[in-house]
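Student: Could you take me through one part of this model in detail? I would like to see how a surface feature connects to the packing around it.

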Amino acid sequence: MKFLSVLSPRETALLAVPAKAYLYRFCLSVCFLAIIWYSLSLESVESGIFVLVLLSLIFCGDVLFKNAKADLCHGQISMSVLVAVSVLCCFGYSLAQTFFMRPLAGRLVNLYIPLLLLLSVYLWNGLCLSRSKERTYVFIKKLNDFLPKSGRLLVQQREQRVFAKELVPGNVVKVLPGERIPCDGVIVKGETVIDESLITGNLLPASKTVGRPVYAGTLNKGQEINVRVEKKLAQSALGDIINALADSEQHRCVEHDPLDAYAPWIWGIVFLLALACYFYFYAQSGYTRPLHNIGFFLFVLGLGCPVALLFCVPMPSYFIRRGAKQKHIYLQNLGVLEQLYRADVVFFDKTGTLTQGKLQVTAVHAMGKKDESTLLQSLISAVQQADISFAKAVQEYGRVNNISCQPLREFEAFPGQGIRAVIGRHVILVGLPNWLTKLSVQVPSLPAQEQMIVGVAKDGRFWGYVLLEDSLRPQAADTVALLQKLGKEVVLLSGDSETSVKTVAHACGIEKVNFGVLPQTKAEIVGNYISLGKKVAMVGDGFNDIIALLRADASIVFSSGNNVYNNWVDAVLDREDLSAVTDLLALYTRWILCVRGNIILSIICNSLVLAGLIFPHIETDVLPFVLWGGIAATITLIFFNSMRLLHIK
């Protein structure tokens, strides 16, 4: 998750440590903190308390110092470096106050509790970030579970179990009922019903006969079949999706502590304050006792990294998700906010994205002297099991006109292209005219229409077509105009006809369009822009765009209950209006301002606390209350400042 564009490309050392290492040390540090706090309240022997603190640094702080050393060796001043310096300065100050005959300058007896509190919060922060990263890698490894593991290879009529990845084009495999198909191929023997929801997104099983294609990972729910391998497992449709998912998760993986971007600035401010305090009190003492006044330098550096600083990002991140949810925006990867803000190009799908995806049949045209009622009956029968936008419109049209459906023998959906169905002895093809042409159907020259054209072919002959109309989403043109005003290139990608795509593009104010493109082509276009070094955001509506969505730097979809891949995109918009996309930009602005505001609050409040602790206008007995009250007040202010993200207009 990339929160801030200024972060170094190198992974911070904080995330190179396993989460378990942080967990054990965090629990142990909390125990040490409780014991030492109790010992201080009883005014126990100071040397014994020092030993406990030393043990806590040895057994709990080792990971902090290793992280700080690794970051410094790479020339990076990270939060690990800042926390390590503060912890060491607190320890050095407290050591001098405990054992030196002439303690260093300073008004607190020791800084053991602030030291341990800062260490514990650092370990907790490391635990959270490391767990987030490890969840990503565990998910990537589990992606292989979607791939079939083995197949029944037929060699001279004998069955042999082999690994699915060993199958090559030309092999023939047997697939029993209840087994997953181990490859992309073609049925050469048998008839069955296959659950293809993992590939096509269609929730209903598809009937398959000899000569029909099947896909790796799909489930055979019917009879035994033999399949001829057409592609290796790595080159299969499922393999492409798995690779896209793995690349997407790797891209979204947490690589940095978000506060690392601010650590150098905070370190510079704290160091200058510590140096100023040292020279001020050195001058006040008449430029005598220079070593004694080092206590003020260590004191300021020790308390210069406020505990509240480590809450400056986690709290806004939690509340921005809650605030976005109230606007029906589900942020599954918080990094999508910055990626959309930084994007050079924003791609939009057409149907269901720029438009509402609720098509309506406006006209039916049968070719020649063919009967329109027969055309409609065949069309509606063919799409009765389909779960795509134009199919729903046709089904609704059939219900309104009381057209009965004939039983299906076979059904197969081709995402972004069309449907193949067998009714009785007839093969019905329903889909885009260019797709029908690729299947050797002679499609006549159709009149230019602004509406979507869906052709119907029966037994290889063009039967007729229907016109469907889809209205734009509310605020579609305004959203596109705002994105263009922000300097982003807006591109429309669609598998629909040239006329319908250009009509929608003109209505939205989009100049650059790509029409008649298949899902894989969309992904290639997105990849080409990324290879040119451009940041890319993709806005789609469902399954047909999944590879393109996963390949983009920011993937945003409009909610679809039937899209099995919704959980793997960055943001899901459960809204009707397209302004939800620009709301993401507003969320980023509010979030980043809140983070920066929290950092400024923590520095200002900590500076006031330090001023109260250093200068002698407060009684010594009151100083601990100033310290703990200041820490509590700063965390409280950050909490309430972050809560403002719950209510974003």
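**A nonpolar patch and the helix pair beside it**

Tutor: Happy to. On the surface, a nonpolar patch is formed by Leu 28, Val 51, Leu 54, Leu 55, Ile 58 and Phe 59, which together have about 480 Å² of accessible area. Please keep in mind that this is a predicted model. The most is given to the patch by helix H2, residues 46-59, with 5 residues.

Let us look at Leu 55, which is one of the patch residues and sits in helix H2. Is Leu 55 buried or exposed? Its relative accessible area is 32%, and because buried means under 20% and exposed over 50%, Leu 55 counts as partly exposed.

Now for the packing. Helix H1, residues 19-41, packs with H2 at an angle of about 170°, and their axes are 10 Å apart. Angles over 145 degrees count as roughly antiparallel, so H1 is roughly antiparallel to H2. On the H1 side, the contact is made by Arg 25, Leu 28, Phe 32, Ile 35, Ile 36, Ser 39 and Leu 40. On the H2 side, the contact residues are Ile 49, Leu 52, Val 53, Leu 55, Ser 56 and Phe 59.

Here the two pictures meet: Leu 28, Leu 55 and Phe 59 belong to the nonpolar patch, and these residues also take part in the contact between H1 and H2. For Leu 55, then, a place in the surface patch goes together with a place in the helix contact, and its relative accessible area of 32% is partly exposed.

Conventions. Residues numbered from 1 in each chain as written. Predicted model: local features only at pLDDT ≥ 70, side-chain atom pairs only at ≥ 80, totals over all residues. Heavy atoms only, no water. Patch = residues over 30% accessible without salt bridge, like charges linked within 9 Å, V, L, I, M, F, W, Y side chains within 5 Å. Areas by Shrake-Rupley, 256 points an atom, 1.4 Å probe, with all protein chains shown as cover. Salt bridge = Lys/Arg side-chain N within 4 Å of Asp/Glu carboxyl O. Helix = DSSP H or I, 4+ residues; strand = E, 2+ residues; numbered from the N terminus. Buried < 20%, exposed > 50% of the residue type's maximum accessible area, 1.4 Å probe, protein only. Axes fitted to C-alpha atoms, helices over the stretch in contact; angles between N-to-C directions. Parallel < 35°, antiparallel > 145°, perpendicular 65-115°, else oblique. Contact = heavy atoms within 4.5 Å.
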